[in-house]
Amino acid sequence: MSDTTSTGSGAATPTRRQLIVGLVRYGMFIALALWLVAMSLASEYFLTPTNILNVMRQAAPVIIIGVGMTFVMATAGIDLSVGSTVALVSVLTAGWLALGLPAWVVLPLVLAVGAAVGMANGFIITLGVPAFVVTLAGLTSIRGFAFVYSDGYATPITDPVMIWIGRGDILGVNTPFAISIAVAVLGWFLLNRTRFGLHALATGGREEAARVMGLAINRIKILVYAMTGALAALAGIVVSARLSNGSPNSGVMLELEVIAATVLGGTSLFGGRATIAGTVVGALLIYFVRNGLNLLGVNPYWVQVVTGIILVVAVLMNTVLNQKVESWARAAGEDES
Amino acid sequence: MSANLIEMRNISKSFGAVTALSDVTLTLPHGSVLGLVGDNAAGKSTLMKVLAGAITPDRGKILIDGAPGRYSHPIGARDAGIEMIYQDFALVPDLTVAQNIFLGREIMRSVAGVPILDRKTMSARARELFAGLGLRVPSVTLPVVALSGGQQQAVAIARATAFNARLVIMDEPTANLGAPAIEKVRETITRLKENGVAVIIISHRLEDIFAIGDAMMVMKQGRVVGTRAVDDTENAEIVEMIVTGRDPRERTAVPA
Ligand SMILES: Nc1ncnc2c1ncn2[C@@H]1O[C@H](COP(=O)(O)OP(=O)(O)O)[C@@H](O)[C@H]1O
Ligand SMILES: [Mg+2]
């Protein structure tokens, strides 16, 4: 705490202080709200149900994988292999359906493949190899498998179950977004209400403390990567269903979007702090910004630049500024009591 | 019931080329307070981590109440009633006070067959715990990172005494604390002893051990120098043992 912040604190009333802390903590939620308002003024198409549902459908794969990534980051890990798992699952799904296997066999099978890939990542990480390295290797080799299996070709998908997953709806909400919300709700419950979520946060928050308290750290790590692998597979199913084909090129750069959404939402890259609601908002923000800039006719390359800038600002807010403001508010609170 | 709560026999432990413990033996009667003293790197923390199950020794065995303890895991030690307050407190900064206290031993409730964390009960129990110990924290739902050093220590003490401990190990509990907090630690140890709980305290402050301890064990370079009852020794003798690494009584005993 610097002197300037603590001398300034005398002037702020408790309500004012809470307001400032809230502004910083929920900065991304506020940013999303402001962006929605601004865009709805700038483009009359923006706020139409069609457009909003469309953006939500686009964001669904990132939300689905982001829930897993939130757990991985809670343990102070990272998973760069998820985009490639999407590609592998995409070609396997299309290939196995084309062989005549029914969807109720293929879908559980590819989910199991995703979980197995994640479990392998997690296992190697528990041997002491940094998560960054393990999953970077996964990023190249898993996509390699997808190309080997498919010979580089996309395979069309005509299965009715897959068509429904990609294009159908549940109670007026398109299936991909409905799936992503169901995943987010389950993920929120798991992170905030169960022993597993608590232990994941403890592992990332201070591994040595978690170890001497007897937590099963290796099991927790393997599980969060397995879960993320399975969710990447689910996203792979959704992406392939949406495009009606299985392609080894699907999910390129998706890992970066997932990580960006998770960090935007307020989950710490260094472990111990994680929020599922934040991840959902982070993903929506990325896609609504992209959609809004598209509607305004902005050059798509600028969209990438803007996404990068938002990411840096968000991380600054979530780490440096958030900590400063919280310790300032605490110090001010103690002065008064 | 054996006369001794703990017997550690011939414990050895090396970290690569460093021999942290060689052939260390320690005996602790029920409900007694033992001070463990010695220079830096004497092996005090390592010995206590072995006892708490956080480090697996290379050799040696541990008897709890005369029965061999199974020591592969901190959970094994905690189930046997052995709790340790680590030098750095071993708290997770972003978890709340209550979450830290119950970490690894959460109270669960079942909703439609699904076990979920019973946060209300854990918070209530944590509050009772602090009240019972006469310790204070601003709120049990605050993250530990928001607390002062003394308050964090209170959390570590509360955690170590929350589950019917038979032995509480404290690693340098008075380092970096002000006088009032040191007084609180002394009070806590006295209270534990009154309740029949044994305490091992690692400390550089010999005056604390003379004030509240029953016995003292001096270590140097991974070996036991000697053990003394507190009322059978004095400050100068202990300091000599710490510095020279020799037991003066053994030295005079041999030629005579
Ligand atoms: N985890 C570890 N890895 C390597 N060396 C260690 C480890 N823990 C302790 N040591 C070494 O073991 C010796 C004893 O350390 P420690 O038990 O911490 O001593 P004390 O608590 O008496 O100061 C020291 O030389 C220390 O460097
Ligand atoms: Mg030590």
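Two strands count as paired here if DSSP finds at least two bridges between them. Keep that in mind as you walk through this predicted model.

**Stop one: the sheet.** Select chain B and look for an open sheet of 6 strands in the order 6-9-10-3-11-12, with mixed pairing. Color strand 6 (82-85) and strand 12 (223-229) of chain B: these stand at the edges, each with a single partner strand, so one side of each has no neighbour in the sheet. Neighbouring strands of this sheet are turned by 15 degrees against each other on average, ignoring direction.

**Stop two: the edge at strand 6.** Now add strand 9 (residues 167-171) of chain B, which runs parallel to strand 6 of chain B and is joined to that strand by 4 bridges. To see a bridge pair, pick B:Met84 and its partner in strand 9, B:Ile169. Next, show helix 5 (residues 149-161) of chain B, which packs on the sheet and touches both strand 6 and strand 9 of chain B. The direction of helix 5 makes about 175 degrees with that of strand 6.

**Stop three: the cavity.** Stay with B:Met84, which also helps line the largest cavity. How many cavities of 30 Å³ or more does the structure hold? There is 1, and the volume of the largest cavity is about 60 Å³. Select its lining across two chains: A:Val212 and A:Met213, together with B:Ala52, B:Arg78, B:Ile82, B:Glu83, B:Met84 and B:Tyr86. Strand 6 of chain B supplies the largest share of this lining, 3 residues. Coloring by class, you will find 6 nonpolar, no polar and 2 charged residues around the largest cavity.

Key:
Residues numbered from 1 in each chain as written. Chains lettered and ligands numbered in written order. Predicted model: local features only at pLDDT ≥ 70, side-chain atom pairs only at ≥ 80, totals over all residues. Heavy atoms only, no water. Helix = DSSP H or I, 4+ residues; strand = E, 2+ residues; numbered from the N terminus. Axes fitted to C-alpha atoms, helices over the stretch in contact; angles between N-to-C directions. Contact = heavy atoms within 4.5 Å. 1 Å grid on protein atoms, 1.4 Å probe; cavity = no way out; pocket = protein on both sides within 12 Å on 5 of 7 lines; lining within 4 Å. Points joined across faces, edges and corners; volume = space filled by probe spheres on them. Nonpolar A, V, L, I, M, F, W, Y, C, P; charged D, E, K, R; others polar.
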